[in-house]
Each structure stands twice: as structure tokens, then as C-alpha cells.
Amino acid sequence: MAGQKEIRSRIASTISTQQITKAMKLVSATKLRKASEAIVRMRPYAEKLQGIMAGLQESADDDRLAVYFKAREVQKVALLIITSDRGLCGAFNANVVKRVRAMAAGELAGKQVQYICIGKKGAESLKRLGFDCDTRFVNALNGLSAESAFDLASTILEEFKAGQYDQVTVVYNRFKNAATQILSADAFLPVSPADKAEATQGSSDYLFEPSKVAILEDLIPRSLKTQLYRSMLDSLASEHGARMIAMDKATDNAGELLRSLRLAYNQARQAAITREISEIVGGVAALEGA
Amino acid sequence: MWVEVLTPDQTLFNGEAKVVSCPGVDGSFQILENHAPMIANLREGTLEISGDDSHSFSVQSGLVEVLKNKVIVLV
């Protein structure tokens with residue numbers, strides 16, 4: 001059995017580790033709250049946008065809008081991979097990377113794929129695996145705002161319109177609740193006809209200034225940008241949730257480790273005392289016998 | 001009429017107003033009480049809301065929906 005001294009120093013280091021994980025858990029909980037508030041704050045905007053879009057569906061077949069809807073033959077694909085900038089959040093990043101690898105080996109095999117990484121961790125792991133990453137937006141999650149997300153989305157939209165990609169997919173962790181993230185691969189562009197077919201009614205009473213198509217020309221990119229922003233916010237909230245859970249587990253594990261270390265320490269201490277007593281008793285017996 | 005000004009990050013304004021002046025793509029226009037239902041695009045300019053208080057916001061682009069004395073501005 002390890003000596004008392006070693007056990008004592010292990011106990012001390014486990015306690016300080018536990019303090020760190022506990023603090024990180026609390027920090028993540030606060031950040032998670034902030035991130036989920038941001039999601040709630042954008043909801044009215046997104047819903048209104050969706051509402052107006054739904055009312056204008058019948059005009060969406062116009063040629064000027066075809067660029068967003070038309071499915072082209074898929075040769076060039078852009079994968080937007082949203083991960084986190086920091087680690088220590090369980091399988092959060094590993095799951096995304098795993099999905100990207102599966103996609104690269106499966107449905108995207110033989111196609112020209114551009115891996116656009118948002119978040120440092122994903123970029124690092126994919127690079128290590130030999131993927132050629134596009135790191136223009138790798139720091140986009142740092143100080144994320146609607147404006148920066150919209151700029152990013154505009155760039156992607158322009159590149160899509162210019163024919164640099166035929167399809168854009170976003171891989172990210174969707175936020176369900178603090179303990180649950182749903183790994184998703186959402187089709188971003190072209191806009192799928194399924195979205196198009198949703199509720200159609202009641203737009204005929206509106207005046208349109210300047211025209212329905214002009215409004216859609218503004219509305220569709222706006223809605224796409226909002227969608228991407230939403231994905232990024234979701235990923236952020238998921239990250240903090242995942243880290244909170246990971247740190248909670250780490251704190252529990254440290255507690256368990258501490259318990260068994262303390263037991264070992266007390267056993268060692270008791271053994272030493274017992275040994276000393278038996279030595280004294282033995283000594284006394286030897287003296288008496290003499 | 002009730003006016004809401006929304007951005008993806010926050011709600012900029014939420015309250016009663018009498019006049020909303022918007023920089024429409026085809027020229028500025030005002031929305032008064034009982035305006036017909038309308039959806040309009042905005043260009044860069046200043047959005048002004050006047051009622052008991054006056055507020056103005058500079059916008060890059062945007063979208064206005066007017067329906068049943070409720071004006072929603074998405075910027």
C-alpha cells in the first residue's frame with residue numbers, strides 16, 4: 001500500500017482538481033443561460049420572418065429567385081462545420097468530427113468538398129485527420145453577434161450564387177436542453193422545396209412595396225442568414241451545456257476518488273498505529289520475559 | 001397603433017406610436033393609424049417613430065409589415 005505521505009498529496013491534488021471542475025461547471029452554467037437567452041431573443045424575429053415568407057410562397061417560383069431554390073447537379077459541396085473554440089466539453093466536438101468523416105466517406109465520396117470550419121477545435125481535429133480545411137471563419141464564434149453571423153452568411157450566399165458550391169450543408173449540435181444536444185446535418189442551400197410548400201394563405205390582402213418578388217429577394221437571404229445565425233447560437237448553447245455536464249461528471253468522479261483515497265489513507269494510518277502498538281507490546285513482553 | 005422594431009439580437013422598440021416614418025426602397029413613406037395591410041422593403045436610412053416619445057433608428061435595410069394597426073419592423 002502507498003505510504004501516507006503520497007496518499008496525502010494525491011488527496012490534496014484531487015481536491016484542487018475538483019475545485020477547478022466545480023468552478024468550470026458554474027461558469028458554463030452562466031454562459032449557457034446567456035446563450036439560451038440569445039436564442040430566445042431572436043425567436044420573435046425569426047418567427048415573423050417565417051410568417052411573412054409563408055405568406056409569399058406562391059410568388060417564390062419567379063425566375064429571379066430560382067438561384068436559391070434550384071437544385072443543381074451536385075459536384076461541389078460546402079460543409080459548414082460548427083464546433084467549439086475550447087475543449088473539455090465531452091464528446092461535443094468529437095461527435096461533429098465523426099459525422100463529418102462518415103459523410104466524407106459516404107454520401108460525399110467522389111465529390112469536391114470544401115470543409116469550412118467554424119470553431120477552432122473542429123478545424124484542429126480535421127486537419128490532424130488530413131482534411132483540407134477552409135479556416136476563413138474559424139474564429140467566428142468568438143464574440144458572435146447577429147452582424148458577424150450575417151456577414152459570414154452573406155459570403156457563403158455569394159459564393160453559392162457564383163457557383164462555387166452546388167450545395168451547402170451545416171453540421172452542428174442543435175440545442176435541445178442543457179443535457180441534450182442533437183447532432184444535425186441540415187441542408188442550407190439550395191432551399192429545399194419542402195420548406196417552400198409550408199402554409200400558403202392570406203397574402204392577397206397586403207400591399208407590396210415595391211413588389212412581391214422584390215420583397216422575397218430581400219427576405220430569402222435574410223431568412224437564410226437568420227437560420228445560420230440560429231445554428232451558431234444553438235451550437236454555442238450546446239457547447240456550454242455539454243461542458244456543464246462534463247464538468248459535473250468530473251466533479252462527481254473527483255468526489256468518488258477522494259472518498260477511496262481517504263479510505264486508503266485512514267487504513268494506512270491505522271495500520272501504522274497498529275504496527276507501532278504491537279511493536280511496543282512486543283518490546284514490553286520481551287523485557288518482562290528477560 | 002402598436003409598433004415593434006426587431007433585430008435578430010434584440011427588440012429595439014415595443015410600444016404605442018402615432019406615426020412611423022420609413023425609408024422605403026422607392027422613397028420614404030409614413031404609416032399612420034389604420035393603414036392598409038402592407039409589406040415593404042426598406043433601404044439605408046433613418047426610421048422614425050413618433051407618439052408620446054420620439055425614437056429614431058438608423059437602418060441598413062429591412063422589412064416592414066403593417067397589419068391591423070400593428071407595425072412590425074425587421075431590421
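**Exercise 1. The buried side of helix α3(A)**

Determine which residues of α3(A) are buried in this predicted model, and explain why they can be said to line one face of the helix.

*Solution.* Begin with the burial classes: in α3(A), the residues Phe92(A), Asn93(A), Val96(A), Val97(A) and Val100(A) are buried. Next, look down the axis of α3(A): the buried residues fall within an arc of 125 degrees, and they therefore line one face of the helix. Then turn to the face directed away from this buried side, where the exposed residues Ala102(A) and Ala105(A) are found. Finally, ask what the buried residues pack against; their partners are β1 (76-82), α4, β4 (167-177), β5 (180-189) and α7 of chain A.

**Exercise 2. The length of α3(A)**

Check whether the distance between the end C-alpha atoms of α3(A) agrees with a rise of 1.5 Å a residue.

*Solution.* Helix α3(A) covers residues 92-105, which gives 14 residues, and at 1.5 Å a residue the expected span is 20 Å. The end C-alpha atoms are 21 Å apart, so the model agrees with the expectation.

**Exercise 3. The surroundings of Lys121(A)**

Decide whether Lys121(A) is buried or exposed, and list the residues that it touches beyond four places away in sequence.

*Solution.* First place the residue: Lys121(A) belongs to helix α4 of chain A, which runs over residues 120-128. The cut-off for a buried residue is 20 or more other C-beta atoms within 10 Å; because Lys121(A) has 21 C-beta neighbours inside 10 Å, it counts as buried. With residues up to four places away in sequence left out, Lys121(A) touches Thr83(A), Ser84(A), Asp85(A), Gly87(A) and Asn93(A). As for Val97(A), which is 24 residues away along the chain, its C-alpha atom is separated from that of Lys121(A) by 9.4 Å.

**Exercise 4. Strand order in chain A**

Work out the order of the strands in the five-stranded open sheet of chain A, and state which strands lie at its edges.

*Solution.* The order is β3-β2-β1-β4-β5 (chain A), with mixed pairing. The edge strands are β3 (133-134) and β5 of chain A, each of which pairs on one side only. On the β5 side of the sheet, β4(A) and β5(A) are joined by nine bridges in the antiparallel sense, and within this pairing Tyr172(A) has Ser184(A) in β5(A) as its bridge partner.

**Exercise 5. Pairings of β6(B)**

Trace the pairings of β6(B) with β3(B) and with β7(B).

*Solution.* Strand β6 (residues 45-50) of chain B runs antiparallel to strand β3 (residues 19-24) of chain B, with three bridges between them; Ser21(B), for example, has Glu48(B) in β6(B) as its bridge partner. With strand β7 (residues 54-59) of chain B, β6(B) pairs over six bridges, again in the antiparallel sense, and Gly45(B) stands opposite Val59(B) in β7(B). Three residues lie between β6(B) and β7(B), which form a hairpin.

**Exercise 6. The contact between the chains**

Describe the side of chain A that touches chain B by its elements and its residue classes, and identify the strand pairing that joins the two chains.

*Solution.* The contact takes 21 residues from chain A and 20 residues from chain B. On the side of chain A, α1 (4-55), β6 (207-209) and α7 (212-289) each supply at least two residues, and the largest share, seven residues, comes from α1(A). By class, this side divides into 14 nonpolar, two polar and five charged residues. Across the contact, β6(A) runs parallel to strand β5 (residues 38-42) of chain B and is joined to it by three bridges, with Leu207(A) opposite Met38(B). For confidence, the predictor gives the complex an ipTM of 0.87 and a pTM of 0.87, while the mean pLDDT of chain B is 92.

Technical notes:
Residues are numbered from 1 along each chain as its sequence is written. Chains are lettered from A and ligands numbered from 1 in the order in which they are written. This is a predicted model: local features need pLDDT of at least 70, side-chain atom pairs count only at pLDDT 80 or more; totals for chains, interfaces and linings use all residues. pLDDT is the predictor's confidence in each residue, from 0 to 100. Helices (H or I, at least four residues) and strands (E, at least two) are DSSP runs, numbered from the N terminus. A residue is buried if 20 or more other C-beta atoms lie within 10 Å of its own, exposed if 12 or fewer, and partly exposed in between; C-beta atoms are placed from the backbone. Two residues are in contact if their C-beta atoms, placed from the backbone, lie within 7 Å. Two strands pair if DSSP finds at least two bridges between them. Ala, Val, Leu, Ile, Met, Phe, Trp, Tyr, Cys and Pro count as nonpolar, Asp, Glu, Lys and Arg as charged, and the others, Gly among them, as polar. The expected span of a helix is 1.5 Å times one less than its number of residues. The arc is that of the directions from the helix axis to the C-beta atoms.
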